[in-house]
Structure formats: structure tokens, C-alpha cells
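Here is a short report on a two-chain model. It covers confidence, domains, a sheet and the contact between chains.

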Amino acid sequence: MALETVADYLTDARRLLQDTVAPYRFPDTDYIAALNNGIMETRRLRPDLFMGGAPLPSYTAGTDVVAIDVQYRLAVLYFTCGNVQLADDEAEQDARSAVFNTMFTSKLIALG
Amino acid sequence: MDYLRLNLPGALDGVVEMEIANTLDEFLSKTNAWTAEMPLRVKDNKQNYSVKPAGGSVVRLIGVLDDNPDMDIWVPASMPSLDIIALRNNPGRSATFRAFVALKPSPNKGLEDIPEWIYENHRLPIQHGVIGRMMSHPAKPYSNERLAIYNMRKFHAMTAQVRAEKSQEYLYRGQVWCYPRNFARGTQRS
């Protein structure tokens, strides 16, 4: 299944940001930090995705399995892309980052 | 579950199951649709007896029946707490009475001990209740205030109907009073 592990998210995020050829624009650590931020933000908007009282997961390695329901994995991927791109200080990247963040929010809380 | 998923895009199965438990709790508490009969072994000079049904938790006492063929009457009793049956009078002998209680899901067991026939017999009110509750959640892909109101109205109407029918033990025209047959004349016209 797609988007199971941290490595899956990294691969897809690099594809969407056209950052697939070394030397990369953004290191893996940036993507993983963005993914962890996405988990925190998902917890804020959709606490039902983390029911059961377990501590909020945090990921460090590419082999870690990302514990998000299959229906909302794409939303977390979009947040990861948008959050990574926020580090880029070119004006057109800001707009693209905002689009990713809007898609993240709308996928979590609306039909879209 | 498939029907609920169809109506609630983006809903998590765990949340749907939680709302099924909440809906069943309200539905069964209001209707007395799930009842159990338990033997109550009474003794002389003892009026309080603890009860624990095999499945579910007690909502209320429906009645206690004295099983003595000579008596065969409802015994005055109440339930000061949901695990104690208190007889108003001393039974005066050792006997086995029959206690009837209404049940709802146990909070710690969830849906595990719900009999299948409850879903089969009351599928529609349960579906409306779950969809209505889910759609009233804030800021979810399946949030829909208007449909939440519609579904909850249907749920409450169907619940009231089941409550009324259960109170007459599902007997058609159970509330209609009539003279014994010997009082009847030939037809209504004569």
C-alpha cells in the first residue's frame, strides 16, 4: 500500500517538489521534521485520528511506519510538501506552499 | 457498517463504532427493547438482592414475578441502585422469583455483548441515530447540520414508535379495549 512508511512519504514529497536528483534541495531531515509537524497539526484538526490515548508518534527513520488512517495519508503528504517548501524564500514557492497547506486542511475537515 | 461508510465519507471505523455504542445506549435506554429475565432466589427476612445480567448493564427494573402457581402475581419491588433489587415486603419464605430488567450495552464492553437480533430488528433507527450523531461532529468531512437534524428526528420518531410497541409487547392494537365476546350482539348495526 502506498504511503506506509516515512520513506514512502519522502519519495512522494520529493516527486511533488521535483527534488528527486542529488544533490537535493532539501535534506531528508527537513522532510521528516515536516512530516512530524504534519502529525502534530493533524492531531489538532482531527483528534479522532489519534483516539486511544497513545502518545503522539514522532518519526526519525525511513523504515518507521506512519500511523495515519489510509483516508488521510494524502493530506499529511501535502502538509509535508508545504511545510518543507516554506523554507524556500522564493516568492512563487510561498504560493505553492500555501496551496499545499490549504489542500491539507480541506482534506482533513471538508469533502474535497 | 457499509451503509454507514456510504453516508459518512471520511469517517473512521473506530469513531463509527463509538457512535453505534452511544446510539444503542440511548435507543435501548428509551425503549426497553432489550430485556432479560433472571431468577431471583429470595429468602425469608431478606428484601435486597443483587443482580447481574449475563450481558449488558441494567437500565431499569420492569418487574418481579412471584412464580408460585398459587400466587403468580407481580411483587412490589424497586431498584434503589442499578445492581440491587429491593422487595417492598418480606417474601416470607424461600422461593425463586423471576426478575425482568431492561438492558443497554455495558460501558466497558462496548458492542461485544449486543445480541445480533437488536441490529436485525431495529436496523433503521440505529442507522439514523448513528448518521445523525456523526454528522453533528464539528469540522469533519461528513459534518452536515441539516442532515444531522433530519436523521436525529427520524431516530427519535422511530425510537418513540418502538417504545410504544414494546410497551404493548408488539401486540397489534394492544391498547384497544373491548367487551368480552359474550357481550357482542350480531353486528354493529343491530
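## Domains of chain B

Domain bounds come from an automatic or database domain assignment. For chain B, that assignment gives domain 1 (2-31 + 115-167) and domain 2 (35-104). The centres of the two domains of chain B, taken over C-alpha atoms, are separated by 32 Å.

## Model and confidence

This is a predicted model: local features need pLDDT of at least 70, side-chain atom pairs count only at pLDDT 80 or more, and totals for chains, interfaces and linings use all residues. Residues are numbered from 1 along each chain as its sequence is written, while chains are lettered from A and ligands numbered from 1 in the order in which they are written.

Chain B has an average pLDDT (the predictor's confidence in each residue, from 0 to 100) of 88. In chain B, 89% of the residues score at least 70. For the complex, the predictor gives an ipTM of 0.81 and a pTM of 0.83.

## The sheet in chain B

Three strands (DSSP runs of E, at least two residues, numbered from the N terminus) form an open sheet in chain B. Their order is β2-β6-β5, and the pairing (at least two DSSP bridges between two strands) is antiparallel. β2 (48-50) and β5 (77-81) of chain B are the edge strands, each pairing on one side only. From one strand to the next, the twist averages 30 degrees (axes are lines fitted to C-alpha atoms; angles run from 0 to 180 degrees between N-to-C directions).

Three antiparallel bridges join β5(B) to β6 (residues 84-87) of chain B. Ser78(B) has Ala86(B) in β6(B) as its bridge partner.

## Contact between the chains

Eight residues from chain A and eight residues from chain B make up the contact (C-beta atoms, placed from the backbone, within 7 Å). On the chain A side, five are nonpolar (Ala, Val, Leu, Ile, Met, Phe, Trp, Tyr, Cys and Pro), two charged (Asp, Glu, Lys and Arg) and one polar (the others, Gly among them).

Conventions:
Helices (H or I, at least four residues) and strands (E, at least two) are DSSP runs, numbered from the N terminus.
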